[in-house]
Amino acid sequence: MPPAFSAAEKTRITRLLLDNGLRLFTTQGLRKTSLEDLVAGTGIAKSTFYVFFDSKEALYLELMLAQMAEVKSRVIDGALRKEPDTRAGLRAFLHATLAELDGNPLYGRLMTHPEEMEAVVRKLDPERVTSAPDNPVTALAAYLTEQSDDLAGDDPEVIVGILQAVLMMPLHRDRLASPDLYPKILDRLIDIIATGLTRPER
């Protein structure tokens, strides 16, 4: 039978597990992080981990959800919706999201190691993520629906896929014929995509 914890103990241990998870997942990844690594310094046994989280993937998701509101604030509210028109909004969104992936170790790792995202989604109910009120993907979909008159007529899912393709560019920067031109190439690509996805300005 698992040990009983007071509310204060449970809060303290949960915080330690989250701290360990953030440090380990961002430096060595989900697969290489063991339960033994996660419980180190918490005072609990490996088997007791499951009193707090159903799996390593559940801990990973909890970390993502904890940062979700801040990510949405930066890429949706502070970029996409801050611009006066749809084209400028899409351009700002792509730049802000690329900056987020570059500067946010947890979300950035999911982009560079998609198998980890697949592992998280495979073990968990996707509804938990999609129903989160601060989910940037849901907010992006809502924006595209609102701005449909300004868009070039593609299915919103196609538009999301095109934006995702741009966000994968950092993974392939070393494959460019001139990697040193990557910043200029990326800026130009974002301009082309934002222009191509929106109707001509009236």
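## Y50, two pockets and three salt bridges

Y50 sits in helix α4, which covers residues 49-52. The structure is a predicted model, and the values below are to be read in that light.

The UniProt record, an unreviewed entry, lists residues 34-53 under "DNA-binding region". In the model this span is 45% helix and 0% strand, and its end C-alpha atoms lie 14 Å apart. Y50 has a relative accessible area of 44% and is therefore partly exposed, since that class lies between the buried limit of under 20% and the exposed limit of over 50%. When neighbours within four places in sequence are left aside, Y50 is in contact with L35 and S55. Between Y50 and L90, which are 40 residues apart in sequence, the C-alpha to C-alpha separation in space is 42 Å.

Turning to the pockets, the largest pocket holds about 920 Å³ of space, and of the 31 residues that line it, Y107, M111, M117, V137 and Q164 are the closest to its centre. Two or more lining residues come from each of α5 (56-80), α6 (86-103), α7 (105-112), α8 (114-123), α9 (126-130), α10 (136-146) and α11 (156-167), with α5 giving the most, at 5 residues. By class, this lining divides into 25 nonpolar, 4 polar and 2 charged residues.

The second largest pocket encloses about 250 Å³, and its lining includes L98, L101, D102, M111, R173 and Y182. Helices α6, α7 and α12 (182-197) each supply at least two residues of that lining, which comprises 8 nonpolar, 2 polar and 2 charged residues.

The structure holds 6 salt bridges, among them the three tabulated here.

| Salt bridge | Closest N to O distance |
|---|---|
| E146 and R81 | 3.0 Å |
| D191 and R91 | 2.7 Å |
| R109 and E116 | 3.0 Å |

In the pair of E146 and R81, E146 belongs to helix α10 while R81 lies in the loop between α5 and α6, so this salt bridge ties together parts that are 65 residues apart in sequence. R81 is partly exposed, with a relative accessible area of 36%. The salt bridge of D191 with R91 joins helix α12, where D191 lies, to helix α6, where R91 lies, and so ties together parts that are 100 residues apart in sequence. Of these partners, D191 counts as partly exposed at 27% relative accessibility, and R91 is likewise partly exposed, with a relative accessible area of 26%. In the remaining tabulated pair, R109 and E116 are both buried.

Conventions
Residues numbered from 1 in each chain as written. Predicted model: local features only at pLDDT ≥ 70, side-chain atom pairs only at ≥ 80, totals over all residues. Heavy atoms only, no water. UniProt positions renumbered as here; feature names shortened; annotations may be inferred. Helix = DSSP H or I, 4+ residues; strand = E, 2+ residues; numbered from the N terminus. Buried < 20%, exposed > 50% of the residue type's maximum accessible area, 1.4 Å probe, protein only. Contact = heavy atoms within 4.5 Å. 1 Å grid on protein atoms, 1.4 Å probe; cavity = no way out; pocket = protein on both sides within 12 Å on 5 of 7 lines; lining within 4 Å. Points joined across faces, edges and corners; volume = space filled by probe spheres on them. Nonpolar A, V, L, I, M, F, W, Y, C, P; charged D, E, K, R; others polar. Salt bridge = Lys/Arg side-chain N within 4 Å of Asp/Glu carboxyl O.
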